[in-house]
Amino acid sequence: MGSTWGNRIKLSLFGESHGEGIGIVIDSLPAGIELDMNYIRQQMARRAPGNSSLATPRKEDDEVKILSGIFEGKTTGAPLCGVIYNNNIRSKDYSILKDTLRPSHSDYPAKVKYLGFNDYRGGGHFSGRITAPLMFAGAIAMQMLQEKNIVIGSRIKSIHKTSDVRIDYSNINETLLKKLKEMAFPTLSEDISNAMEDEIIYAKNSGDSVGGVVETYIINVPAGLGQPFFHSLESQIAQIVFSIPAVKGIEFGEGFDIAMCKGSETNDPYTLENGKIICTQNSNGGILGGISNSMPIVFRTAIKPTPSISLQQDTVNILDMKNTKLKIEGRHDPCIVPRALPVIEAAAALVLLDNILEREGEVWKN
Ligand SMILES: Cc1cc2nc3c(=O)[nH]c(=O)nc-3n(C[C@H](O)[C@H](O)[C@H](O)COP(=O)(O)O)c2cc1C
Ligand SMILES: C=C(O[C@@H]1CC(C(=O)O)=C[C@@H](OP(=O)(O)O)[C@H]1O)C(=O)O
């Protein structure tokens, strides 16, 4: 399993959900960065398990122990290694899953690919838990991007069949993004937020799960990040976002709906505003030709319903090679969306940081 990512900075994720711990090695982070641990903890708490009645009851503090790469409070430029110990493991929930395949989880393909040697407990290295160290790296990236005034925020666009109100993609501002970031369940409409939470609670009480869509906005991105052909900004963002477990789709700007429009409706007109070229609408979501055009980057991520549900499901016992029924017990998220939202922001921050470092070189200028 290769869990490395990046071009300028390089990340290497390690660990399993029910092993000793999980963590990350970050290579080529510029020297001299003072990590704001309060900010990083705050960001990681947005994702941490066990923090709400809408989430898995497995409570972990997700405190990162930094083993290397920091001296006298600042990055040294050497690989930065952060470890998060697993403190609340209940592996007995998984004894039935050793040979009985969970529909929609990684169990079957992982068993085939790794010849049954993979750690299946808690999903092992496939677990959503592995997004905790990604969140750590992303929080560092977000802290650095803030110095360049780049702000990332998201809202829950929909949960199951309940959708939030529409927003003008050309008019997203810092105040809105900061407000969304402070909300535990960020939506534009408070009434709709309550209805979405009800959807999750209803699914949970029925032994079921629901999915949804996260909409992410990035503002103050300079024009010129990303490059054709295979390193388009869209493909870079899509690649890392698709690496987050349970992600099933991503679309930029008007996304799939753009295919139903006419060019006259979706060509984003240019105009001059205080000597700066801007678009008066943003159907393309801030990226043209694979390169940022300084308009807000807008993308939506579809998250599937949590695979592990307690309703009875049809499956196969791979040891006996017999059809069987499965009722999963354990501590699962009835909906992954609220916990995946900050991870998507973290992933996008890493892409932007990587591109800025590529353009500006190794020395961090703010
Ligand atoms: C933050 C987060 C939490 C998750 N929580 C659960 C969970 O409690 N139970 C579960 O079955 N899957 C959960 N998942 C999803 C599985 O890890 C994922 O569906 C599985 O690894 C298979 O990968 P795939 O859905 O991308 O194909 C979670 C994912 C994330 C990102
Ligand atoms: C622990 C986390 O989420 C876990 C992600 C997960 C999965 O299958 O992805 C399954 C559950 O694991 P367990 O059965 O060990 O409680 C979640 O609790 C986390 O995100 O930090």
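**Entry 1: a pair of isoleucines**

I looked up isoleucine 218 and found that its bridge partner in strand E16 is isoleucine 297. I note at the outset that this is a predicted model, and I read every position below with that in mind. Strand E10, residues 212-219, runs antiparallel to E16, and 7 bridges join the two. I then followed the sheet outward and wrote down its order as E9-E8-E10-E16-E11, an open sheet of 5 strands with antiparallel pairing. Strand E9 (162-163) and E11 are the edge strands, since each pairs on one side only. As a reminder to myself, strands of a sheet pair through backbone hydrogen bonds, either parallel or antiparallel.

**Entry 2: the other open sheet**

I next traced an open sheet of 5 strands in the order E1-E2-E3-E7-E4, where the pairing is again antiparallel. E1 and strand E4 (65-68) stand at its edges with a single partner strand each, so one side of each has no neighbour in the sheet. For E4 that partner is strand E7 (residues 80-85), and I found 3 bridges between them in the antiparallel sense. Within this pairing, serine 68 stands opposite cysteine 81 in E7.

**Entry 3: one side of helix H6**

Which residues of helix H6 (residues 233-242) are buried? I listed Leu233, Glu234, Gln236, Ile237, Ile240 and Val241. These residues cover an arc of only 165° around the axis, which means that they lie on the same side of H6. The spacing made sense to me once I recalled that an α-helix has 3.6 residues a turn, so residues three or four places apart point the same way. The buried residues of H6 pack against strand E1 (4-5), strand E11 (247-252), strand E14 (287-288), strand E15 (291-292), E16 and helix H8 (337-360).

**Entry 4: the listed binding site**

I turned to the UniProt record, an unreviewed entry, which lists His125, Phe126, Ser127, Gly289, Lys304, Pro305, Thr306, Pro307, Ser308 and Arg331 under "binding site". These positions do not all gather at one spot, because they span 207 residues in sequence and the farthest two C-alpha atoms are 44.0 Å apart.

I chose two of the listed residues, beginning with proline 305, which lies in the loop between strand E16 (297-303) and strand E17 (313-317). Is proline 305 buried or exposed? I count proline 305 as buried, because 20 other C-beta atoms lie within 10 Å. Setting aside residues up to four places away in sequence, proline 305 touches Ser209, Val210 and Gly211.

Threonine 306 lies in the loop between E16 and E17, and with 23 C-beta neighbours inside 10 Å it counts as buried. Leaving aside neighbours within four places in sequence, I found threonine 306 in contact with Ser209, His332, Asp333, Pro334, Cys335 and Ile336.

**Entry 5: a contact across the chain**

I located tyrosine 39 in helix H1 (residues 37-47), and it counts as partly exposed because it has 14 C-beta neighbours inside 10 Å. Its C-alpha atom is separated by 7.6 Å from that of alanine 139, although the two residues are 100 residues apart along the chain. Not counting residues up to four places away in sequence, tyrosine 39 touches Ala139 and Gln143.

**Entry 6: around ligand 2**

Last, I looked at ligand 2, which 16 residues surround, the closest being Thr56, Arg58, Gly122, Gly123 and Gly128. Sorted by class, this shell has 3 nonpolar, 8 polar and 5 charged residues.

Terms used: Residues numbered from 1 in each chain as written. Chains lettered and ligands numbered in written order. Predicted model: local features only at pLDDT ≥ 70, side-chain atom pairs only at ≥ 80, totals over all residues. UniProt positions renumbered as here; feature names shortened; annotations may be inferred. Helix = DSSP H or I, 4+ residues; strand = E, 2+ residues; numbered from the N terminus. Buried ≥ 20, exposed ≤ 12 C-beta atoms within 10 Å, placed from the backbone. Contact = placed C-beta atoms within 7 Å. Arc of directions from axis to C-beta. Near = placed C-beta within 6 Å. Nonpolar A, V, L, I, M, F, W, Y, C, P; charged D, E, K, R; others polar. Pairing = 2+ DSSP bridges.
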